[in-house]
Structure formats: C-alpha cells, structure tokens
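Biologist: Let us go through some side-chain contacts together. I will ask how each label is earned.

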Amino acid sequence: MFMTSARKTLLAMTALCGLAASASAQYTAPNFNVNISTTEWNSVTLNGASIPAATYTTSRVRFNFTPGNINSADSDAVWALTDTQVVDGFTLNGTVYANRGSAPNSTGNAAAILLDWPAANLDTNYPGAAPLWFAYRHTFPGSTGSWANIQVTLGGATPPPAPPTNDTAANAVNITSIPYTSPPIDVGGASNDPAGDPPFACVTNVRRTIWYTYTPTTTGQYTISTCSADAPGTTVGDTVAGVYTFNGSTYTAVGCNNDSSCGARANLTATLNAGTQYFIVLGRAGTDASLPLGESAISFNLAPFTAPVGAANDDCSNAIVIPASTTNTYLSAVVDITNATRVNEPVMATCTDTISRTVWWKFTPAQTGDYTLSTCAADVPGCTVGDTYLAVFSGACGSLSQVACNDDGDFRCLTLRTDLKLRMNAGTDYYIMGAKYGTGAPATGESNFQFAFVDFVAPPTAPSNDNCAGAINVNTQPGFALPFTSAPLNMAGAGTTASEPAFTCNGTTGVGYTVWYSYQPSATDNYIISTTSNEASATNVADTIIGVYTSSNPSNPCAGTFTSVACNDNGTGRARVTVPMTAGTRYFFMIGRKGTGALGTTENTYQFQLLVAPPPPTCNSPEAEPNDTKATANAVTLAAGQSICGSAVAESDYFKVKTATAAGITRYRLNLTSSTIGHVVSIRGLTQTAGAPTTTEAEMRASTTTEQFIQWYGLGSTNNPDDRSIYVRVLGNSSSVDPYFLTLATSNITPVDIGGSPLTPGSITITSVGQTGGTQTDTDLWIYDSNFNAIADWGNDDTFGSTSLGSTLTRTFTAGTYYLAISRYNLANNLGSPTDDDFRTGNVLDFPSVVCQSTVSFTPPLNLGVQITDSAGPRTVALNATEANEVVFAKLVVGSPAVARCNPADIADDQGNPLPGAPNVPNNGVTEGDYNAFFSAGGFFAQAAMGPAAVGMFCDIADDQGTSNPPFGNPIGSNGGVNEGDYNCFFNNLFLPCV
C-alpha cells in the first residue's frame with residue numbers, strides 16, 4: 001500500500017493475523033510508504049471483528065520510520081484505539097479504547113527512527129463486534145521518508161464477566177420484604193440490548209438490564225432509588241429504573257426515571273397496588289457498547305415513600321415577617337431549600353422564570369426609601385446556593401403584582417448571586433421571594449438560602465408638583481409662549497398615590513415618580529406634549545409616560561373625577577402624545593416613569609415641550625389593505641415632496657416604492673412623521689447564502705428614535721421595469737394610534753473626484769485595508785459603470801483570505817468612467833457577493849438601480865479612505881461619511897478622458913432654459929432640463945406645433961421605460977407617446993456619455 005503527499009489520509013489495513021489464545025496479541029501491518037511534508041493524519045483498521053471481547057489492560061504501538069530527509073519527529077505525536085474511523089482531522093467522536101499518548105522526541109537525518117509508545121491502559125470491556133481503528137497524528141517539519149512495520153500490541157486480556165443470574169425477566173429476583181437494599185450486581189456481562197425487554201417510557205436507549213419482582217401487601221407510594229445515599233454499592237454513573245405490570249403477554253409501564261434530584265442516578269416514586277406483581281427493571285442509560293472504566297455494579301433500594309419536609313416559609317401564606325423598622329440592618333435566617341416547592345406562585349413578568357425551590361418573606365416598611373436586597377457572598381455568609389434569584393411583589397398572596405426582580409448581580413457582586421435595588425413605600429405590603437436559578441435539584445452543599453437588606457437611602461424631597469394639588473400652571477410660567485419648553489425638574493423624590501388617575505396606555509406595567517402640570521389653551525387645536533430628546537433635551541429618564549386628563553369639577557379639579565383624553569408610553573422609550581384641546585378648557589397632564597424600581601444612576605430629570613401640532617403632510621398615496629407582506633405590498637411611485645400615509649396599530653404595512661429615473665446619483669430619504677411615536681419604518685431586502693440571494697426577507701435599515709427616516713440611493717437605469725424600486729415596511733405598536741406619513745426628500749450627489757491623472761487600463765486594486773486610521777473601518781464596496789449600473793461580481797466586503805474587515809477588490813479595467821460606492825458594512829444592491837469575497841452572507845436588495853447602507857449603524861464622521869493601485873503605483877483617496885446611513889461615491893477615470901463629449905448634449909440649464917439665454921443659472925451637466933429643452937415646443941423637434949401627429953412618428957422612438965422601438969430594440973412596456981422614455985432612449989443612445 002502506497003500513499004504520497006497526503007495531508008489527510010485513510011489507510012485501511014488488511015491481512016491481519018488472528019488473535020492467539022494468550023494474554024497478549026500483536027497486529028503487524030504490511031509495509032507502506034508515506035512522503036511527509038506537513039502534518040500527517042492517518043487511520044488504520046485492525047478489523048475489530050477478529051478481536052474478541054475482553055478487558056485489555058495494556059497496549060503498545062511501535063513504528064519504524066526509515067531513511068529519508070528527516071529533520072525531526074516532534075513530540076506532539078498522539079495515538080488512540082477507537083471504534084470511530086478518523087476521516088478528517090483527529091477528532092475522535094466514538095469510544096476511545098486506549099489513552100492517547102505522546103511519542104518521544106526524535107531527530108535524525110537519513111537514519112531510521114523507532115517511535116515506541118509505552119504501554120497504556122485500555123478501556124474496559126472491549127465488545128469485540130465493533131471495528132477497532134488505530135489513529136495517529138504526527139508532525140515532521142520538512143521531512144520525507146517512509147513507514148514500515150507498524151505493530152500494535154494488546155495485552156492483559158481478561159474475558160468479560162458472565163451474565164448475572166437475573167439478566168432476564170424469567171430469572172427476576174423476588175423481593176419478599178421491604179425496606180430492601182439489593183446487593184451490588186456486576187452488570188458487565190448483562191445483556192447489551194435484549195430483544196425481550198420492554199421499552200423504557202422515559203429514555204430511548206438502555207443497556208445492561210437486570211430484573212426484580214415485588215408484590216406489595218399495602219397500596220401506597222414506593223421509592224426505587226439508585227442514589228449513592230440509598231444504594232452505595234452502585235458504581236454505574238447513569239442508571240435507569242422502570243416499573244411494569246405483566247398480563248402474561250404484554251408489559252405495561254407504571255413508572256420510569258432516568259435522571260433525578262441526586263444527578264444521573266435513577267430515583268423513582270410510583271403508586272403500587274396491594275396484591276399486584278410488579279417487575280422492576282434497572283439498567284445503564286446510553287448506547288455505548290461497553291461500560292466506562294470503573295463502572296460495573298448496580299444496586300438499588302426499595303422502600304415506602306416518605307414525603308420530604310419543606311421549608312417553613314415555602315409558600316407566600318407562610319412568609320416570614322421582617323420587622324417594619326428594618327432598613328439596612330436585617331440578615332435573614334438560613335433556610336434549607338432542598339425540599340421547597342413552587343406551586344400556585346406568580347409567573348415572572350420580567351427577569352427569568354426558570355427558577356425553583358422558592359421561599360418567602362413579608363415586609364411592610366415604616367419608612368419610604370430605596371432599599372438594596374442582596375445574596376452577595378460578602379453580605380450573606382450563610383448562603384450556599386450558587387445561583388440565586390430575588391423578586392419583590394406587592395398586593396396579597398394569590399393576587400400579587402411583580403414590583404422588581406433580579407437574577408444575576410448588577411452593581412454589587414457582579415456574579416450569579418443577586419443584588420436588587422428598589423423603591424419601597426411606607427405602609428405598603430411587599431412579599432420577597434428567594435429562589436435558586438434552574439429547575440434541577442440543588443447541587444451538593446448548595447441548599448442554604450439567605451438574604452440581607454444591605455442599604456437604605458431615604459428619598460429626596462418631593463417636587464412641589466408631586467400631586468394634582470401642586471400642578472404647575474403652564475400658562476403662568478415666565479415668558480410663556482408656544483412652543484413652550486418647561487424648566488428641568490428634579491423628579492427623584494416624586495411618588496405616586498392611590499388617588500391619582502390611571503394611565504390608560506401602560507397595560508399592567510407599574511408607573512412611578514409622577515408629576516403634574518395644567519394648561520388652558522386659548523385656541524382649539526391639536527397640541528403635542530413631548531419628553532423626547534429632540535424636543536426636551538434635559539429629560540434623562542429613559543422610559544417616560546404621559547397622560548392627559550380633564551376634570552368633572554372645573555372649580556375644584558383635584559376633587560373631581562378625571563377622564564383620560566390621551567395617553568402615550570412609546571413602548572420602552574420617551575413619550576410624545578398628540579391631543580386635541582378645546583379653547584378655555586383646563587387640561588391636566590401627568591408625567592411618570594415606566595416601572596416602579598429604583599432610578600438609574602443618571603435618571604433624575606423631567607422636561608417636556610408643549611407645542612401646536614403642525615398640519616400633517618398631504619397624502620398622495622394612501623395605503624390599501626391588505627398590505628402586510630411583500631407579496632401584498634402597495635405599489636407606489638413617488639416624487640420629491642410626495643407622501644405615503646396609513647395607519648399601523650400593532651401591524652405591518654408594506655409598500656413597493658419606485659422613483660423616476662434621474663441623471664447621476666440621487667439620494668432618497670423617506671421621512672417618518674406621526675402625531676404619536678412608535679412607528680418604525682424600514683427598508684426590506686433579502687438574505688443571501690454563499691453569494692446567492694435567497695427568497696427570505698431581511699431588514700436592511702430601520703428608523704430609530706434619533707433617525708426618523710430611511711435612506712437609499714438611485715443610480716443607473718436598466719431595462720427592468722422594477723428598477724429604482726425598494727420594499728418599505730411600516731411597523732406600528734399598540735400606542736401608535738395616529739396616522740403615519742412617509743414623505744420623500746431627494747438630493748443630487750456629486751461623486752468625489754479621486755484626483756490626479758487617469759488610471760492606466762489593466763489590473764487595478766482598490767483597498768480600504770490600512771487606510772482608515774488606527775481603527776480599521778469595516779467597509780463594503782462596489783464598482784459601477786459609466787451609466788451607473790452595478791457591475792456583476794465587482795464588489796467586496798471583507799478581503800479574501802484575510803481576517804481584516806477592510807475591503808479589497810482587484811479587477812481588470814478597460815478605458816472608461818467608473819464609479820466606486822463604499823460604506824460601513826453592509827453596502828447592499830441587488831447582486832450577490834463574488835466568490836473572492838470573504839463575507840458572502842450580507843443582505844441584498846430586491847431590485848436593480850438602488851443601493852443602501854444597511855445593517856450596522858455608525859456615528860459620523862467615519863473614515864472610508866481607500867488606496868487605488870494601477871501599473872503606475874498606488875494613490876491614496878480620502879473618503880469620509882459625514883452623515884448616518886451614508887454611501888460615499890467616487891469617480892474613477894481609466895484611460896484618456898473625453899470631457900468634450902459632454903458639450904453637445906448639455907444644451908440647457910437645470911430648468912430647461914437654453915444656455916445662451918441663461919448663462920448664470922445652475923447647470924449640473926446633462927439633466928432633465930436638457931431633455932425638456934430638446935423636446936419642447938421651441939426645441940429641435942417643435943413637437944407642440946405638430947399636435948397629435950407627433951405620437952407614433954419620429955419623436956416617439958421608445959416605450960415608457962426607455963426601450964427603443966425597432967429597429968434598435970423590442971419594447972417591453974406600455975407606450976404613452978412621446979414622454980420621458982423617449983428622452984432617456986434618445987440621450988442614452990445617440991449622445992456619447994458625459995465623462
């Protein structure tokens with residue numbers, strides 16, 4: 001057998017000699033040669049079927065490495081005997097029957113090397129039926145040579161034990177009295193997969209089963225346990241217990257257990273009826289054919305079930321009462337939670353609900369303040385539970401409301417222990433629940449629970465407008481005028497009272513720290529009250545809520561009944577509410593903080609702005625239901641200043657937005673406005689796999705609280721009727737009850753000129769690697785042709801074969817004009833990533849002629865500089881993104897420029913006035929102004945003078961999409977006469993491009 005230059009090699013051995021009936025056996029492989037230049041992986045079969053089952057206590061491997069250019073044989077060589085064939089690498093996924101060991105270091109040159117692994121212990125009970133593979137790895141730097149005379153020696157063979165007498169149901173041991181502890185039974189020789197055994201109801205694979213029978217004299221619950229405390233003779237690590245009845249032909253499962261409170265050992269409790277014979281089957285869980293070293297015996301205990309004694313404060317109704325005078329002086333007694341339960345207890349609204357072994361305390365503070373509860377090791381010396389949990393509720397047992405909770409430490413111990421800080425009000429009943437994380441039994445030595453009050457901070461003085469009676473009259477504030485911005489208010493001492501009206505938009509979430517204002521408008525109109533950062537920058541409370549009310553008692557409002565007229569909580573952000581107000585009516589608005597927990601370290605200030613709501617934009621394209629998917633999206637064509645409108649309360653609206661073809665590069669921005677915040681607008685696209693776009697929808701870019709818009713770019717124009725189209729989704733929540741408007745804004749983008757002489761045709765490399773300062777910007781780039789169409793496979797996200805997040809693209813450029821688009825990852829058009837891109841799973845857009853920066857936000861300015869290298873050498877190009885969501889464009893001229901080609905087509909300014917009559921007005925090259933001047937009544941065709949005769953004659957040269965009529969092309973769309981399709985066709989085909 002010969003093999004050369006193999007890095008990952010499988011060598012099957014044949015003609016193996018049989019195993020002699022002696023204490024050891026040697027397997028010698030035929031000679032074979034291997035040329036070794038790098039790491040070698042090999043696997044050799046030893047034809048395990050010919051090796052009988054036994055316990056092989058030692059093994060040895062010897063190799064002769066014979067002449068070649070041998071620099072060294074490194075000591076990283078390892079070997080193993082395994083029942084899994086090594087195919088790719090040295091990962092051993094099956095049972096390893098011999099320990100892996102290192103060969104001694106050997107060096108030499110053209111001399112034989114004997115690699116001799118010393119004897120090693122084998123695993124027990126090799127089953128004999130499974131193939132046995134020898135696998136080795138060795139590194140020989142710069143060496144060549146050949147192997148010969150592989151020898152594997154198995155020694156100390158001990159035959160497997162005989163089957164136990166109770167290996168089958170027919171020989172089951174009959175138990176006559178309990179409590180009963182069975183003697184340890186060696187199951188090494190027990191049936192590995194007996195066909196007659198009934199299935200276990202709790203686990204699929206069980207081996208090495210033994211049988212018992214028992215007929216109870218009293219009906220009741222009985223426990224079968226293999227736990228160490230009950231059956232110390234058990235050495236099998238993972239046991240299974242099953243209980244069955246038998247009617248003469250069929251076994252019926254009564255109970256089954258695999259893992260229990262003592263770990264992987266079985267502990268089963270089942271109800272057994274007096275006078276009924278039960279079969280008890282015990283075994284080892286798993287599919288391994290052999291037992292692990294040191295595992296051989298199963299013992300069990302059968303006894304009447306004894307209910308464990310739970311903790312005294314196991315239930316809310318038995319909560320231990322904490323003295324009301326407690327502030328930071330309380331350390332609870334240690335409670336053993338081993339047998340604590342969690343029955344009929346509240347589900348966690350926040351934090352994790354994966355808890356168990358709950359115990360309870362009750363506390364009614366005498367003083368309002370911020371309390372800190374802790375299970376940190378430094379605070380509770382008696383607590384041994386490693387992963388603790390604390391939750392606090394208000395109300396009464398059976399109808400509790402969660403106030404605060406904590407799983408892992410936040411600010412004191414920063415571990416799996418718990419620290420929880422919250423505001424507690426004097427006279428309010430609070431229930432404190434302690435628990436262990438997870439649903440399994442406490443680990444050995446981790447059953448003692450203890451907590452402490454370790455800190456108390458009295459609340460600051462309440463602000464004057466803490467309640468309705470102190471409401472600040474906005475109309476009387478100095479210099480009052482709309483829009484009005486309130487003075488910053490320290491609200492840290494604010495509270496809540498039972499007499500305050502409810503917020504109608506916060507669901508079941510509590511609200512704290514409320515303050516009051518009043519306002520009487522002089523004009524009936526829609527008004528906005530806002531705590532957002534854009535309109536009330538001093539607010540530092542992260543999650544605010546605003547309620548607006550009128551009172552039934554105008555002369556004494558606080559004594560009347562309040563009626564809610566508006567409410568907004570904006571989900572998890574700062575509130576902004578629009579409310580219609582009637583002139584002369586007094587309105588009260590209450591500002592609060594979502595949640596009743598303690599304030600964050602930077603939360604202490606409210607501010608709001610009151611203003612007249614601006615009139616909504618004109619709606620040019622109202623939504624039409626159903627439009628909740630891409631497939632049902634409303635098709636909308638928008639021009640600058642036009643708007644889409646709709647209503648999305650806890651739903652999605654989809655639109656397919658198309659913009660008209662425009663010369664050059666146009667930035668499109670859809671600005672989102674609504675009287676109530678909560679809507680999110682996003683660009684939708686597709687995922688890609690290995691460079692191939694899929695049909696799976698992906699989010700490209702979504703608006704944020706600070707960027708209430710989405711942005712993309714239009715460039716180029718294909719013959720695809722869907723070019724310059726994107727999918728847009730508006731997502732609303734339960735609070736976004738007012739209509740939304742998406743208004744299109746456009747601006748022309750002038751590409752950056754890279755400077756210097758034109759690039760030389762041929763191979764050109766563009767890279768951002770090492771060009772973006774001390775921190776490499778994660779860039780993505782694409783190349784476009786002179787007509788601004790994306791060139792297939794001419795893009796790069798991550799440099800191929802590199803760990804760099806910078807981009808590198810090398811392509812062969814012919815003479816002409818090109819455009820580089822670059823952004824912070826991800827730059828998305830409708831094309832999949834090339835094969836020489838190291839990241840080929842970035843999301844893409846659905847349609848051509850559009851591009852956007854997606855996925856990852858960034859804070860401008862952002863360095864996107866590149867180096868461009870042609871045959872003349874490198875040149876550095878400074879590129880910077882100066883606004884969020886920006887794609888930066890650069891113009892690349894390859895070969896001799898032809899600037900004069902612009903002149904024939906550039907006949908008018910941007911408004912269509914012929915240039916000789918308007919030399920001092922804006923002129924951005926060939927634009928729609930030239931189109932209009934050319935085809936206007938006073939233009940070259942003098943179309944208006946011809947009237948209807950123009951349609952279908954020489955002016956009508958293309959369909960509405962710009963595809964020329966015969967003889968140049970075959971139209972694919974409708975033809976409405978002379979229109980922009982003809983303009984585009986004429987200038988794109990009859991004039992040379994402007995470069």
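Modeller: This is a predicted model. The structure holds 17 salt bridges.

Biologist: Why is the contact between Asp353 and Arg342 called a salt bridge?

Modeller: The closest N to O distance between their side chains is 2.8 Å. The cut-off is within 4 Å, so the pair counts as a salt bridge. Asp353 and Arg342 both sit in the loop between β24 and β25, 11 residues apart.

Biologist: What makes Asp353 partly exposed?

Modeller: Its relative accessibility is 32%. Buried means under 20% and exposed means over 50%, so Asp353 falls in between. Arg342, with 25%, is also partly exposed.

Biologist: How do you know that Arg684 and Glu697 form a salt bridge?

Modeller: The N to O distance is 2.7 Å. The limit is 4 Å, therefore the pair qualifies. Arg684 lies in strand β49 and Glu697 in strand β50, 13 residues apart.

Biologist: Are Arg684 and Glu697 buried or partly exposed?

Modeller: Arg684 has a relative accessible area of 6%. That is under 20%, so Arg684 is buried. Glu697 has 30%, which lies between the two cut-offs, so Glu697 is partly exposed.

Biologist: What makes Arg811 and Asp836 a salt bridge?

Modeller: Their closest N and O atoms are 2.9 Å apart. That is within 4 Å, so the label fits. Arg811 is in strand β58, while Asp836 is in the loop between β60 and β61. The two are 25 residues apart. Arg811 counts as buried because 14% is under 20%. Asp836, at 29%, is partly exposed.

Biologist: Which residues are joined into one network by salt bridges?

Modeller: Arg684, Glu697, Glu699 and Arg729 are. Their salt bridges share partners.

Biologist: Now the rings. How many aromatic pairs does a search of the whole structure find?

Modeller: The search finds 40 aromatic pairs.

Biologist: Why is the pair of Phe246 and Phe279 called edge-to-face?

Modeller: The ring centres are 6.1 Å apart, within the 6.5 Å limit, so the rings pair. The planes stand at 85°, which is over 60, so the pair is edge-to-face. Phe246 lies in strand β17 and Phe279 in strand β20, so the pair ties together parts 33 residues apart in sequence.

Biologist: How do you know that Phe279 is buried?

Modeller: Phe279 has a relative accessible area of 8%, under the 20% cut-off, so Phe279 is buried. Phe246, at 35%, is partly exposed.

Biologist: What makes Tyr727 and Phe847 a tilted pair?

Modeller: The centres are 5.4 Å apart, so the rings pair under the 6.5 Å limit. The angle between the planes is 45°. Stacked needs under 30 and edge-to-face over 60, so this pair is tilted. Tyr727 is in strand β52 and Phe847 in the loop between β60 and β61, 120 residues apart. Tyr727 is buried at 13%, and Phe847 is buried at 9%.

Biologist: Which residues form one aromatic cluster?

Modeller: Tyr330, Trp361, Phe363, Tyr371, Phe449, Phe451, Phe453 and Phe456 do.

Biologist: Where does Arg669 lie relative to Phe709?

Modeller: Arg669 lies over the face of Phe709, at 3.9 Å from the ring centre. The distance limit is 6 Å, so 3.9 Å satisfies that part of the test.

Key:
Residues numbered from 1 in each chain as written. Predicted model: local features only at pLDDT ≥ 70, side-chain atom pairs only at ≥ 80, totals over all residues. Heavy atoms only, no water. Helix = DSSP H or I, 4+ residues; strand = E, 2+ residues; numbered from the N terminus. Buried < 20%, exposed > 50% of the residue type's maximum accessible area, 1.4 Å probe, protein only. Phe/Tyr/Trp six-rings, centres within 6.5 Å; stacked < 30°, edge-to-face > 60°. Lys NZ or Arg CZ within 6 Å of the ring centre and 35° of its normal.
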